[in-house]
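Subject: Structure handover, with notes on the fold

Dear colleague,

I am passing on the structure we spoke of, together with my notes on it. Please look through the sequence and the coordinates before reading further.

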Amino acid sequence: MNADIYDVIHRRRDVRAEFTGAPIPEDVLHRVLAAAHAAPSVGLSQPWDFIVVSDPAVRRAFHDHVQSERAVFAAILTAAAADRFTQIKIDGVLESSLSIVVTYDPERGSPAVLGRHAIADAGLYSVCLAIQNLWLAATAERLGVGWVSFYREQHLRRLLDIPAGIRPVAWLCLGPVTHLEATPDLERHGWRHRRTLSAAIHHDRW
Ligand SMILES: Cc1cc2nc3c(=O)[nH]c(=O)nc-3n(C[C@H](O)[C@H](O)[C@H](O)COP(=O)(O)O)c2cc1C
């Protein structure tokens with residue numbers, strides 16, 4: 001480990017095709033989850049949980065669902081975009097070593113979550129920060145992460161026995177990779193290009 005933070009931030013990629021399927025050592029998995037759990041959270045609510053999914057049957061069932069949602073998305077595309085989309089892999093659920101589903105519990109610490117009274121989404125933001133910590137820690141550990149969002153929450157809740165009221169926020173594929181690409185897949189496939197930083201910075205007013 002001991003990688004420079006900026007190097008890790010810029011090396012991080014969303015991974016689908018580069019997973020090797022090799023096992024993740026227990027101590028490495030623990031460090032990655034501990035990094036996620038160290039994230040800031042509104043009112044110190046720590047509203048996240050992590051479901052580590054190793055069971056091949058569960059991953060296969062989720063993968064089938066992802067494929068059907070892929071078809072739903074493809075159906076709304078123009079012919080040219082649909083053609084480009086066929087070239088793009090959207091998940092590495094079966095090829096990665098394991099998956100981690102990150103959930104959000106809006107009741108944790110409630111009713112008086114300090115800092116959430118005016119912005120209900122602050123709870124969800126906290127979960128996303130845990131995910132980003134996990135992603136960067138995994139990158140520092142030379143693992144790849146792939147976020148899969150082609151699913152219906154209700155389907156995932158049933159598949160993993162997630163209690164009512166708790167929201168699945170991300171299905172993350174995790175594991176050793178052959179390499180990390182230097183350019184995001186969507187850019188390499190001509191789907192979409194990154195904005196320049198200067199286009200994103202505003203001064204004093206929007
Ligand atoms: C909330 C979220 C959901 C995403 N869902 C998917 C997904 O379902 N399938 C996929 O291939 N990539 C998914 N991605 C990855 C993005 O496509 C990727 O982050 C983006 O193209 C930039 O590439 P990079 O992460 O390699 O820099 C998701 C990313 C985020 C942050």
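The notes below go from the whole chain to the sheet, the core, a few backbone details and the ligand.

Please keep in mind throughout that this is a predicted model.

Overall make-up

The chain contains eight helices and four strands, and, read from the N terminus, these elements follow one another as α-α-β-α-α-β-α-β-α-β-α-α. Along the principal axes, the C-alpha atoms occupy a box of roughly 50 × 50 × 40 Å. The radius of gyration is 18 Å, which agrees with the value near 17 Å that a compact globule of 206 residues would have. Buried residues account for 27% of the 206 residues. Among contacts with a separation of 6 or more, 87% are between residues 24 or more positions apart.

The strands

β1 (48-53) and β2 (98-104) are paired in the antiparallel sense through six bridges, and within this pairing Val53 stands opposite Ser99 of β2. β2 also pairs with β4 (167-176), again in the antiparallel sense, over seven bridges; here Tyr104 has Arg167 of β4 as its bridge partner. β4 is joined in turn to β3 (143-148) by six bridges, and these two strands run antiparallel, with Trp147 bridged to Leu172 in β4. Taken pair by pair, the pairings are thus β1 with β2, β2 with β4, and β4 with β3.

Two of these strands are mostly covered: in β2, six of the seven residues are buried, and in β3, five of the six residues are buried.

The nonpolar core

In soluble globular proteins, nonpolar side chains tend to be buried together. In this model the largest nonpolar core has 32 residues, of which Val102, Ile131, Leu134, Ala138, Val145, Leu172 and Leu174 touch the most other members. Two or more residues come from each of α2 (26-37), β1, β2, α5 (122-140), β3 and β4, and α5 gives the most, with nine residues.

Leu174 is a useful residue to follow through this region. Leaving aside residues up to four places away in sequence, Leu174 touches Ile24, Ser96, Ser97, Leu98, Ser99, Ile100, Ala138, Leu143 and Val145. Two of these contacts, Ala138 and Val145, are themselves listed with Leu174 among the core residues that touch the most other members.

A buried glycine

Gly92 lies in the loop between α4 (79-86) and β2, and counts as buried because 25 other C-beta atoms lie within 10 Å. Apart from residues up to four places away in sequence, Gly92 touches Val15, Arg16, Ala17, Phe19, Gly146 and Cys173. Of these contacts, Cys173 is 81 residues away in sequence, yet the two C-alpha atoms are 6.4 Å apart in space.

Backbone details in the loops

Three places in the loops deserve a look at the backbone. The peptide bond joining Ser110 and Pro111 is cis, with omega about 10°, and Pro111 is placed in the loop between β2 and α5.

Leu44, in the loop between α2 and β1, has a positive phi of about 50° although this residue is not a glycine; Leu44 counts as exposed, because there are 12 C-beta neighbours inside 10 Å. Arg142, in the loop between α5 and β3, likewise has a positive phi, here of about 65°, without being a glycine. Arg142 has 14 C-beta neighbours inside 10 Å and therefore counts as partly exposed.

The ligand

Which residues surround the ligand? The shell consists of Arg13, Asp14, Arg16, Ile90, Asp91, Trp147, Val148, Ser149, Phe150, Pro184 and Leu186, and the division is into six nonpolar, one polar and four charged residues. Some of these residues have already come up above: Arg16 is one of the contacts of Gly92, while Trp147 is the bridge partner of Leu172 in β4.

With best regards

Note on methods. Residues numbered from 1 in each chain as written. Predicted model: local features only at pLDDT ≥ 70, side-chain atom pairs only at ≥ 80, totals over all residues. Near = placed C-beta within 6 Å. Nonpolar A, V, L, I, M, F, W, Y, C, P; charged D, E, K, R; others polar. Core = buried A, V, L, I, M, F, W, Y, C linked by C-beta atoms within 7 Å. Buried ≥ 20, exposed ≤ 12 C-beta atoms within 10 Å, placed from the backbone. Contact = placed C-beta atoms within 7 Å. Pairing = 2+ DSSP bridges. Rg over C-alpha atoms; globule rule 2.2 N^0.38 Å.
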